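Me: I have a protein model open and would like to walk through it with you. Could we go from the overall picture down to single residues?

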Amino acid sequence: MKKTVLMAALLVTMLFGSSVEGWAAKLVARIDVSSQTMTVRYGQAVYRWRVSTARKGYITPRGSYRPQRTARMWYSRKYDMSPMPHSVFYRGGYAIHGTGAVKSLGRPASHGCVRLHPANAAAFYSMVRQAGFRNTRIVVTN
């Protein structure tokens, strides 16, 4: 019996891996509100992009999230049908998405979403779709 349990444990370890990394997210996006940057780690690749988060009077929620849904092109019903290309929604209506207001990147300017340069938003959107929601973590900190 003891030998059977050890063999089963060995088999599970070989199939699923025994390290914490085997269970960790493959794609991690860290948004630092104080520096208005987003650092993305995907495999061995690391990207660091300027963002715009919530301006005065609005909030960008802090916390750790998984993507809830994506939209290649979304229009905000709440904010005058503003275009939100390559949206990755992570908490209700809050998303990481592209913006045409690239001159505002690097400082707070949004209603709460995390805005990116359109090319960076497209790249991140593709990474999320490739890695999958379960393998993606979005962390928003001060």
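Me: Happy to start broadly: what percentage of the residues in the protein is buried?
Reply: Keep in mind that this is a predicted model. Counting as buried those residues with under 20% relative accessible area, and taking the 142 residues of the protein as the total, the buried share is 37%.

Me: And which pattern do the helices and strands follow along the sequence?
Reply: There are 2 helices and 9 strands to place. Read along the sequence, they give α-β-β-β-β-β-β-β-β-α-β.

Me: Which element gives the largest share of the largest nonpolar core?
Reply: This core has 22 residues, and Ile31, Met38, Val40, Ile96, Leu116, Phe124 and Ile138 touch the most other members. Elements giving two or more residues to the core are β1 (27-32), β2 (37-42), β6 (82-91), β8 (114-116), α2 (118-131) and β9 (136-141). With 6 residues, the largest share comes from α2.

Me: How many residues are in the second, separate core?
Reply: Good one to look up in the viewer! Met84, Phe89, Ala95 and Cys113 are among its members. The full count for this second core is 5 residues.

Me: Let's zoom in on glutamine 36. Is glutamine 36 buried or exposed?
Reply: Glutamine 36 sits in the loop between β1 and β2. Leaving aside neighbours within four places in sequence, glutamine 36 is in contact with Trp49, Arg50, Val51, Ser52, Thr53, Gly106, Arg107 and Pro108. Its relative accessible area is 3%, and the cut-off for buried is under 20%. Therefore glutamine 36 counts as buried.

Me: Which backbone oxygen does the side chain of glutamine 36 reach?
Reply: Look for a partner atom at 2.7 Å from the side chain of glutamine 36. That backbone oxygen belongs to valine 33.

Me: Now to the surface. About how much accessible area do Met73, Tyr75 and Met81 have together?
Reply: Across the protein, about 8900 Å² is exposed, and carbon and sulfur atoms supply 57% of it. Met73, Tyr75 and Met81 form a nonpolar patch on this surface. Together, their accessible area is about 300 Å².

Me: Why is methionine 73 classed as partly exposed?
Reply: Methionine 73 lies in strand β5 (residues 69-76). The partly exposed class runs between the buried limit of 20% and the exposed limit of 50%. Methionine 73 falls in that class because its relative accessible area is 39%.

Technical notes
Residues numbered from 1 in each chain as written. Predicted model: local features only at pLDDT ≥ 70, side-chain atom pairs only at ≥ 80, totals over all residues. Heavy atoms only, no water. Core = buried A, V, L, I, M, F, W, Y, C linked by side-chain atoms within 4.5 Å. Buried < 20%, exposed > 50% of the residue type's maximum accessible area, 1.4 Å probe, protein only. Helix = DSSP H or I, 4+ residues; strand = E, 2+ residues; numbered from the N terminus. Patch = residues over 30% accessible without salt bridge, like charges linked within 9 Å, V, L, I, M, F, W, Y side chains within 5 Å. Areas by Shrake-Rupley, 256 points an atom, 1.4 Å probe, with all protein chains shown as cover. Salt bridge = Lys/Arg side-chain N within 4 Å of Asp/Glu carboxyl O. Polar contact = N/O pair within 3.5 Å; in protein donor to acceptor, adjacent residues only side chain to side chain. Contact = heavy atoms within 4.5 Å.
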